[in-house]
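I sat down with one protein model and a fresh notebook page. Here is what I looked up, entry by entry.

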Amino acid sequence: MALSLEEFVHSLDLRTLPRVLEIQSGIYFEGSIYEMFGNECCLSTGEVIKIIGLKIKKIIAEICEHIEGCQSSQPFELPMNFPGLFKIVADKTPYLTMEEITRTIHIGPSRLGHPCFYHQKDIKLENFIIKQGEQIMLNSVEEINGEMMVNCGVIRNHQNHSFTLSFSQEGEFYECEDEHIYTLKEIVEWKIPKNRTRTVKLTDFSNKWDTTNPFPKGFYGSLILKPVYEIQGVMKFRKDIVRILPSLDVEVKDITDCYDANWFLQLLSSEDLFEMTSKEFPIVAEVIEGPQGKQLPRNVLQPGKTIVIHKKYQASRILASEIRSNFPKRHFLIPTSYKGKFKRRPREFPTAYDLEIAKSEKEPLHVVATKAFHPPYDELSSVSVGDQFLVHHSQTTEVLCQGTKKVVNVLACEKILKKSYEAALLPLYMEGGFVEVIHDKKQYQVSELCTQFRLPFNVKVSVRDLSIEEDILAATPGLRLEEDITDSYLLISDFANPRECWEIPIGRWTMTVQLVSNLFRDTESFLVRTLVEEITEEQYYMMRRYESSFLHPPPRPPKHPSAVETKSTLLTQTEKRTMDLPKSPKSHRVDISKKPHSNQAGLDSKVPVGCQNDLANLGRERSKSGATAKADTSVTTEISQNEKHQK
C-alpha cells in the first residue's frame, strides 16, 4: 500500500531500519533531479531508495506562557548549539503499550537512554508485582524465546529489582517527573519522543554565546520543542548520503521484504563501527563523509580516501582548561603520550577546606594569604594579607561559645614568621583566599604529573611537543589539569601507509565509510599518533558531569557559624590575644632566609621574596587575560610593582 512520505515517517519504527522504499508517484516528473542541502536527489517514479536513518534537522520552539509586556510570541528556530540548560516537563499523554514506548522513545546503553514510567494500577507478573505509581526504569530491549521484551527495573529499599515486560503489555504508562538538567543536544538525541512534541523549562543560559539570545529578557519559563526531521538514505550506484524532508510531496511503498538490500552500498557511521565486535577488525573502508571541520595530517579522512580501521578501544585523556578569568576558556583533551613538558604553576584556593583537599604527602603545601580573616573564637587564628602557612592536616578542637564549649573542624597549619614558626588553627569554613608558593622548578611529562600529584593541578607548557607540527597547548598562558577521563576511539591509518595510525574519537568525530573488505592482514606493530583535541564548552561540561557522576561526591564543607554567634564574639576581637600553641616541628621547616628588597616597605613582614615571583607571575597572567584588580588582592598588585622595580 502506497503512503505519503510523511505518513511513512510517522509509522516508522526506527528499530527496523534500514528500510527499502520505491517511489510510487508525486508532483515531480520522471527523471527529475533536485538538489537539497548540497546533495542531488533523483526521485524518479519507480526509483528505489534505502532509508538508513531519521534525524532531527532543526528544532522549532514556541513559548507556552504569556509574558507581561511582550507581544504573543511566534514560533522560532532554536539553534542546535544553543547553550542553555533545560528541565524536562513530564508528558501527560499516556502510552498504551510497551511497544508504543519502545517505538517512540530512544532506549539504549547510554546514561540518557533509560527513561522512567509509572502505571496507574498494579501490574501482576509471574513472580513480581509492580505497584501503582512505582517508578519503572526501562534499560534495554532484547528478543527472548522469539518474543520482544523490555528489560526493566524498580528500586525498593535501595535495592534494584529486575524484570521483563513484553511488547504486548497493555496499560496506561505515564512519564515520571525528571529532576535532571539537560542540554538541547541531549534532549534532541534522547528525550524527544518520535511523533510528539516535548515541553521543557529553560533553567540557565550562558552569556558567552556569540549569537543573540532568542528569548525575551529574563525569560526562564516553559516552551514547546517541535522537531523537524530529515530522512537519510542511500540510492543505487551513488556513494553519498541523500537527505530528504518528510514533507516532500511523494508517495512511497515499503518493499523491504521483497528487495535485496545488498544492491546498495554498505555505509557505516562511526557509531556503527564501534558497535562491531573486536573480532571483525581490521577492515578496509572508503571514506564517504569525513568529520566536518576536522582533519588529520595528509588528509587521511578526506572523502574518497581508502583507510584501514585496525580496532576499537578505550583510551585515557587528561581534561584541561586554560587558566583565564574573563575571556572564554579553551578546553583540551591531552593524551598521556603528549611529549611536551610542563612546569608547575601556583594554584588558588578560595577556602581553607580547599587547602585540606589539595594537600599531599609528597610535599607540604605552602600558601600565602590574599585575604584577611578575623575568627569568631579566641582559640582560632587570625589571618592577614600576606601571611604564609604550611598546611598539615585537619582535626577538631574545642572553642568557647558564649560560655559553652563546642567542637569545630579546623586545619592545623604553621604560620611562617621571619625567623620562626607559629602553630595556627584555621576553621575549615574559612572563606579567605590563598595562593600556592611553588618551590619545585622541575619539568614534568603529563604522565608524571598524573601519577605524582592529585588533580586538579596548574601547569604551563615549558617545552612544546616537537613531534607534532603545531602544538596548540604551547600558546596557552597556563593550564588547569582537571580530570583523567576514559573515552572511546577507533585506530585508523591510511591504506597506503598502514603502520602510521591515528586515534579517532567516536563521539566527536562523525564520519561515514563504505566497507570495502575485512580481509586485510594487519601489521604486527603500529606507530600510534595521538592528537591534542580542543573541545567545545558544551562538550567540556558534558564530560565533567558524566565523569563526576561515577565519583563519590566530596563531603560538604563545614558551615560558617551563625550570625548571632559571630556577633557575640566580635567584641573580643579588639583585645590582645595570646595563644599558647605547641612548638612547630622542625622537620617541616623551609628555607626563608632570603631578605626582602629594601624598597618593599610595608610588605617585608608579609611576603618574603622567595614567594613573590609566583605571585607576580600570577598577577601578570591575570592582567594578560583581562582580569580586574580587587581590593582584597592588593598584595598581588604591590608585589608586581616591586618586582618591576627590582628589574
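My notes follow, one topic at a time.

**Entry 1: what I have.** The model is a predicted one, so I keep that in mind throughout.

**Entry 2: strand 33.** I started with strand 33, residues 479-494, and asked how many of its residues are buried. The count is 13 of 16, so I wrote "mostly covered" beside strand 33. Then I looked for its partners. Strand 23 (residues 306-322) pairs with strand 33 over 15 bridges, in the antiparallel sense. In that pairing, Lys312 has Leu490 of strand 33 as its bridge partner. Strand 32 (residues 457-463) is antiparallel to strand 33 too, with three bridges, and here Phe457 stands opposite Leu481. Strand 34 (residues 497-505) is joined to strand 33 by six bridges, again antiparallel. Strands 33 and 34 make a hairpin with two residues between them, and Asp494 has Asn497 in strand 34 as its bridge partner. I added a reminder for myself: strands of a sheet pair through backbone hydrogen bonds, either parallel or antiparallel.

**Entry 3: the nonpolar cores.** Which residues touch the most other members of the largest nonpolar core? I found Leu78, Phe86, Phe215, Leu223 and Leu225, out of 41 residues in that core. Strand 5 (residues 48-63) gives the largest share, seven residues. There is also a second, separate core of 20 residues, and Leu490 turns up in it, along with Val287, Ile309 and Met511 among others. I had already met Leu490 as the partner of Lys312.

I took a closer look at Phe86. Leaving aside neighbours within four places in sequence, its contacts include Leu78, Leu223, Leu184 and Ile187. Leu78 and Leu223 are on my list of best-connected core members, while Leu184 and Ile187 led me to the next entry.

**Entry 4: helix 3.** Leu184 and Ile187 are both buried residues of helix 3. Is this helix enclosed or open to the outside? Six of the eight residues of helix 3 (residues 184-191) are buried, so the rest of the structure largely encloses it. Besides those two, the buried ones are Glu186, Val188, Trp190 and Lys191.

**Entry 5: an open sheet.** Next I traced a sheet of six strands, which is open and has the order 8-15-9-12-13-14 with antiparallel pairing. Which strands stand at the edges? They are strand 8 (95-97) and strand 14 (159-166); each has a single partner strand, so one side of each has no neighbour in the sheet. Neighbouring strands here are turned by 45° against each other on average, direction ignored. Inside the order, strand 12 (residues 136-144) and strand 13 (residues 147-156) are joined by seven bridges, with Val141 opposite Val150.

**Entry 6: cysteines.** I searched the whole structure for disulfides and got zero. Why is Cys176 not bonded to Cys116? The closest cysteine sulfur to that of Cys176 is in Cys116, but at 5.6 Å it is too far for a bond. Cys176 counts as buried because its relative accessibility is 12%, and Cys401 counts as buried at 9%.

**Entry 7: Phe349.** Last stop: Phe349, in strand 26 (residues 348-351). Phe349 counts as buried, since its relative accessibility is 7% and the cut-off is under 20%. Gly432 is 83 residues away from Phe349 in sequence, yet their C-alpha atoms are 8.2 Å apart. The two are in contact, and the other contacts of Phe349 beyond four places in sequence include Leu355, Leu365, Val367 and Phe434.

Technical notes: Residues are numbered from 1 along each chain as its sequence is written. This is a predicted model: local features need pLDDT of at least 70, side-chain atom pairs count only at pLDDT 80 or more; totals for chains, interfaces and linings use all residues. Side-chain values use heavy atoms; hydrogens and water are left out. Helices (H or I, at least four residues) and strands (E, at least two) are DSSP runs, numbered from the N terminus. Buried means under 20% relative accessible area, exposed over 50%, partly exposed in between (1.4 Å probe, protein chains only). Contact means heavy atoms within 4.5 Å. A nonpolar core is a set of buried Ala, Val, Leu, Ile, Met, Phe, Trp, Tyr and Cys residues joined through side-chain atoms within 4.5 Å. Two strands pair if DSSP finds at least two bridges between them. Axes are lines fitted to C-alpha atoms, for helices over the stretch in contact, and angles run from 0 to 180 degrees between N-to-C directions. A disulfide is a pair of cysteine sulfur atoms within 2.5 Å.
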